[in-house]
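User: Could you take me through one part of this model in detail? I'd like to follow how its strands are put together, and what packs against them.

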Amino acid sequence: MFFKPLDLTTALRPLLLPDETLLFVQDAVGLYEGKYKIPDYQNGHAYLTSHRVCYVSAEESRKYCVGIDLKEVDRAEYQAGFFRSSPKITIYPKPQKTKLDTRTNIGATVSTTAHADQLSVQQSSIRPAFTGDQPAASPKPINATWVCPICSFSNPVPSNFDPATVTGNTPLPPCLACGIKPPLATVLKAAINAASTRESPLPTAEPPETGRVSVPDKNGVSSLSTAVKKVPCPRCTFMNHPSLVECEICGASLGASAAFPQLHGTSRTDSPAPFFAQSRIVNSEVTDSIKLSFRNGGDKTFHDRLKGALVQRKWLLQNAPPVPAPSQRTDSPNNPGAAAVEGPQSPAPRSTLVGIAGLEQRGLETRINNQLVIGNAFEDLEALMASAKQIVALAESLARESGMNSNGGASTETTTVLSESVAALGMVTTKDMLSSGSESLYLSELSRDLAEYLTDDRKGILQREGGIMSLIDLWAVFNRSRNGVELISPSDFQRAAELWEKLKLPIRLRRFKSGLLVVQRYDWSDEKTIRQFQDWMEELRRVPPDESVPWDWSLFGRAITAQEAAQRFKWSVGVAAEELEMAEDRGILCREEGIEGLRFWSNHLVS
Amino acid sequence: MSASTAATAAPASSTSFVFPSTYNFPAFFTPQPNSTTRQSQLRKWSSLIQSWCRHHRIYRLSIIEAIDSPLFHNATLRKRLDLAEARTIVDWMAKKEEEGGGGQRAEWIEGPSASSGAKSKNLAWIWWRRPEEWADVLVDWIDATGQRGVVLTVFELVQGEATVSQEFHGMDHDVMMKALNVLVKRGKASVFGNEGEEGVKIF
């Protein structure tokens, strides 16, 4: 299992992969590797998604953030809080693809501590060969034998003989029976032959090794209790001492079975050096386990949903192609909403019906769509595989609707369904995802939601509004995008907006003199607005006005109204009026009140 | 525009008054909320009023009458200063500079109707030259013509042929008396004679 670097969104949250959904968020979480705290990862947010567990530190989020793919997670254990110890969730990595299960080797290390030093010296020469991803690649030549062309005695191929790297200069041991050196070709052929047969099941070579590994797997405790484990020789079956590399009797190599586990054990678990190296944990390997320490609650829910995510294995669907859409489109041309139910990424226009009628129509569309999906999927096996993704999703929702949920009442199911539909609409955090009672977390997540929503280039909310919009407008637009579910109260909204500055998000809330609250990009400043005004005024002085004017337009230009400014900069009129007054306040503009209303001039009164 | 720089424009009384460029700026007629802009606006109005009065040899300005004159009414822009705003400007002019005003370039005159009690604020002295400045001008002229210690009548000073070329020629009698009183206070002149036929001796 590896810590993977994370991409963060503008709101400093993990960037979700396509199809990945956020399941839970919890703040005030610390990260442990094994038993040790990882420095700089002690106060942050833990995000549980359908694919990953992500950790984002509260301070310097971009520097300290990591993720772990759930597909590499074996299991998660819950550990309740005790006195000053916070509740923790321990995540165990899956055993490596290789046969060497690190967990079984810890026992072996314990039992053979007396020989550990000697072993590490012996194996130091082989070690580089096993640091790669596949430690199993090297044992190949172990059980190979070459037949002496003189006396036809079966000699073992030396353990350090590697067909890939061997050259003509490589020293070869003489035949054990007649003492004649073999030709290189003979040994090479034998080694390659042995390697190729090993890949297919090789009964004669395998038993000792598989036996060695599988015994602790089946009943690990009992095998650990035996003080010294004998290792059977693969050729002559003599029970050798485990620290030996070659058989005492026949000289066959025992290397793979006995040595490597201890190599892993000694170099990883006990040494403090890797720990410090891993304090910069990006891309580093997790050998043992990691722990999430929940200092602010949320542990139970996190654990439940983590278990759920591990069971669902959504990541398996990542590569499944979506159901071909055209057939459905032609079948239901009157239901533009049918396509929209498929997922958030389908850009089909949503039906505009509202209220009960809208809900009923959406339900109808969903049912029609489900019918189509099921109908198409079960036509033949290929279609079923193609639409696996949707069928799984459908099965899940059907299961929920039919009340398979054991403990939950109707209300929790409803909220789940609701929050799901909200997630389908592109919103990420809902109150359901957060443990109840953590109001501040809800607000900060809402705040991040808003920031993401605003800075999302696909929607371009802020761009469309000329980089600035009033908070009330934003509230209306945002709630509308939630489609009537999980609506946000104005007070929550304002408090979330006030958190932007604290959370260092790229959006800021600004209060105009009149008290109007607006939202704008963090890097947008009054100076920039003023420069825009000045450029505009300059332009007005160059371009002659449409009608003849009594004043000297080449000197004074023309007056602008809030409406004109709103139109030009795509602001709302309220914002434009405020910006104009801001510029007036800075002495850049001056006002003219007349029967036509309030107009603003470039300030020629101050010279 | 201070009074001294305006002096160069003063003799051209026969030509029509040239308004400053800001006079054609529509926003000039709206009171500005920004204090910096406001100060600048008041200063511009003050200098406009002063140069207007100097041009037309006006010493006391009736606000009511002026409100319809080109001074406060820009016919081309169809913009005018309303009465309250005009009074605010004169108020500002009357204040001392230390108080954030226009340096006592105006002074309200208690009109004959002031018996009603309230300040009418209709008529104001516009000091495009303060009495002290007039006194200096007088002394300079006396010096230049070598008339120290010579007794002159006030009528001579204001209407006499010798002063035709001077700025104070044709000056308001009250203003002349104020200027002479300044000199008396400085101990540089003595005024004698009855009301209306005063004589003055500057030394």
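Analyst: Happy to. This is a predicted model, and a good place to start is A:Glu593, which sits opposite A:Leu598 in strand E18 of chain A. That pair belongs to an antiparallel arrangement in which E17(A), residues 589–594, is joined to E18(A), residues 597–602, by six bridges. The connection between E17(A) and E18(A) is a hairpin of two residues.

Now to another set of strands in chain A. Here three strands form an open sheet in the order E14-E16-E15, with antiparallel pairing. Strands E14 (468–470) and E15 (507–511) of chain A are at the edges with a single partner strand each, so each has one side without a neighbour in the sheet. From one strand to the next, the twist averages 30 degrees. Within this sheet, E15(A) and E16(A), residues 517–521, run antiparallel and are joined by five bridges. One of the pairings can be picked out by residue: A:Arg511 has A:Leu517 in E16(A) as its bridge partner.

As for what packs there, helix H17 of chain A, residues 471–481, lies on the sheet and touches E14, E15 and E16 of chain A. The direction of H17(A) makes about 85 degrees with that of E14(A). If you look along the strands, it may help to keep in mind that side chains in a regular strand alternate between the two faces of the sheet.

Finally, a glance at the partner chain: 18 residues of chain A are in contact with 17 residues of chain B. On the chain B side, eleven of the touching residues are polar, five are nonpolar and one is charged.

Key. Residues numbered from 1 in each chain as written. Chains lettered and ligands numbered in written order. Predicted model: local features only at pLDDT ≥ 70, side-chain atom pairs only at ≥ 80, totals over all residues. Pairing = 2+ DSSP bridges. Helix = DSSP H or I, 4+ residues; strand = E, 2+ residues; numbered from the N terminus. Contact = placed C-beta atoms within 7 Å. Nonpolar A, V, L, I, M, F, W, Y, C, P; charged D, E, K, R; others polar. Axes fitted to C-alpha atoms, helices over the stretch in contact; angles between N-to-C directions.
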